[in-house]
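Visitor: I am new to this structure and would be grateful for a close look at a single part. Please show me the interior, and then what surrounds it.

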Amino acid sequence: MNEHIAPVPLDKAYRLLNHGPTVLVSARHEGVENVMAAAWACALDYAPPKLTVVLDKGAATRALVENSGRFVIQVPTVRQLELTYQVGHRSLAREPDKLEHSGVELFGMPGFDLPFVAGCSAWLACRVLPEPRNEATYDLFIGEVEGAWSDTRVFKDGHWHFEAADPGLRSLHYIAGGFFYAIGEPMQAGETAPE
């Protein structure tokens, strides 16, 4: 495992998504693994921590999530721009070697039988909280976060530190048509930052 990866307390896990990054969703079922990009993911609750993500009915990753009941949300970095674009536009159904062609390297975390994408800045291992109506009508999945980790070069002590990290570790924010932004500079309102 990468020497820069450390657990994030679950009561701070929501902070890994609060800034609205594009995410990678990975899942595994019966030996099949896949990764897809998703622009619509957000924190939902604190205790226990929960998040939401939209997974289109046609996505192979969605079928893996539905069948396994588990998935990982990870925050890709600027260094992973092309990888993020590729896994969002290639289909496992049409390209069985999609992950290899997209440059995806997977690894495992102790205690979790899930595929984690190497090189990201944050990872959240989730268990699906079934909401059949939301899933069928809105493609909206709710996950309870069971484990969270970050790259300590950019997230530590419960906070992002993009301004002090290598710019290649900044998060991606998808707009449309293959166009992304990297997160910008920090600004602080008031005299002290809230805890």
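Guide: The following account begins with the chain as a whole, turns to the interior, and ends with the residues around it.

The model is a predicted one, in which local features need pLDDT of at least 70 and side-chain atom pairs count only at pLDDT 80 or more, while totals for chains, interfaces and linings use all residues. Residues are numbered from 1 along each chain as its sequence is written, and side-chain values use heavy atoms, with hydrogens and water left out.

The chain comprises 4 helices and 14 strands; these are DSSP runs numbered from the N terminus, a helix being H or I over at least four residues and a strand being E over at least two. Its radius of gyration is 16 Å, close to the 16 Å that the globule rule gives for 195 residues, so the chain is as compact as a globular protein of that length. That radius is taken over C-alpha atoms, and the globule rule is 2.2 Å times the number of residues to the power 0.38. Along the principal axes, the C-alpha atoms fill a box of roughly 50 × 35 × 35 Å. Of the 195 residues, 46% count as buried, a word that denotes under 20% relative accessible area, whereas exposed denotes over 50% and partly exposed lies in between (1.4 Å probe, protein chains only). Residues 24 or more positions apart supply 67% of the contacts with a separation of 6 or more, a contact being heavy atoms within 4.5 Å.

In UniProt, an unreviewed entry places the feature "domain: Flavin reductase like" at residues 15-162; such positions follow the numbering used here, feature names are shortened, and annotations may be inferred rather than shown by experiment. The span of residues 15-162 is 20% helix and 44% strand, and its end C-alpha atoms lie 13 Å apart.

The interior itself can now be described. The largest nonpolar core has 32 residues, and those with the most contacts inside it are L16, V25, L51, V53, F71, I73 and L124. A nonpolar core here is a set of buried Ala, Val, Leu, Ile, Met, Phe, Trp, Tyr and Cys residues joined through side-chain atoms within 4.5 Å. Two or more residues come from each of strand 2 (23-29), strand 3 (32-38), strand 5 (49-54), helix 1 (60-68), strand 6 (70-75), strand 9 (122-128) and strand 10 (140-151). Strand 9 gives the most to this core, with 4 residues. Neighbours within four places in sequence left aside, the contacts of L16 include V8, P21, V75, L124, F155 and W160. Apart from this core lies another, of 18 residues, among them V87, L114, F116 and W149.

Two further buried residues repay attention. S121, in the loop between strand 8 (112-117) and strand 9, is buried, with a relative accessible area of 0%. Beyond residues up to four places away in sequence, S121 touches V75, T77, W149, S150, D151, V154, W160 and L169. E144, in strand 10, is also buried, at 17% relative accessible area. The contacts of E144, again leaving aside neighbours within four places, are P48, P49, K50, A125, C126, R127 and L129. The C-alpha atoms of E144 and L129 are separated by 6.6 Å, although the two are 15 residues apart along the chain. P48 lies in the loop between strand 4 (41-46) and strand 5, and the peptide bond from A47 to P48 is cis, with omega near -5°.

Charged pairs complete the picture. The structure holds 13 salt bridges, each a side-chain nitrogen of Lys or Arg within 4 Å of a carboxyl oxygen of Asp or Glu. One of them joins D139 and K57, whose closest N and O atoms are 2.5 Å apart. D139 lies in the loop between helix 4 (132-138) and strand 10 and K57 in the loop between strand 5 and helix 1, so the pair ties together parts that are 82 residues apart in sequence. D139 counts as buried, at 12% relative accessibility, and has a positive phi of about 60° although it is not a glycine. Another salt bridge joins R90 and E95, with 3.6 Å between the closest N and O atoms; R90 is partly exposed at 24%, as is E95 at 23%. Salt bridges with shared partners link K57, R62, E66 and D139 into one network.
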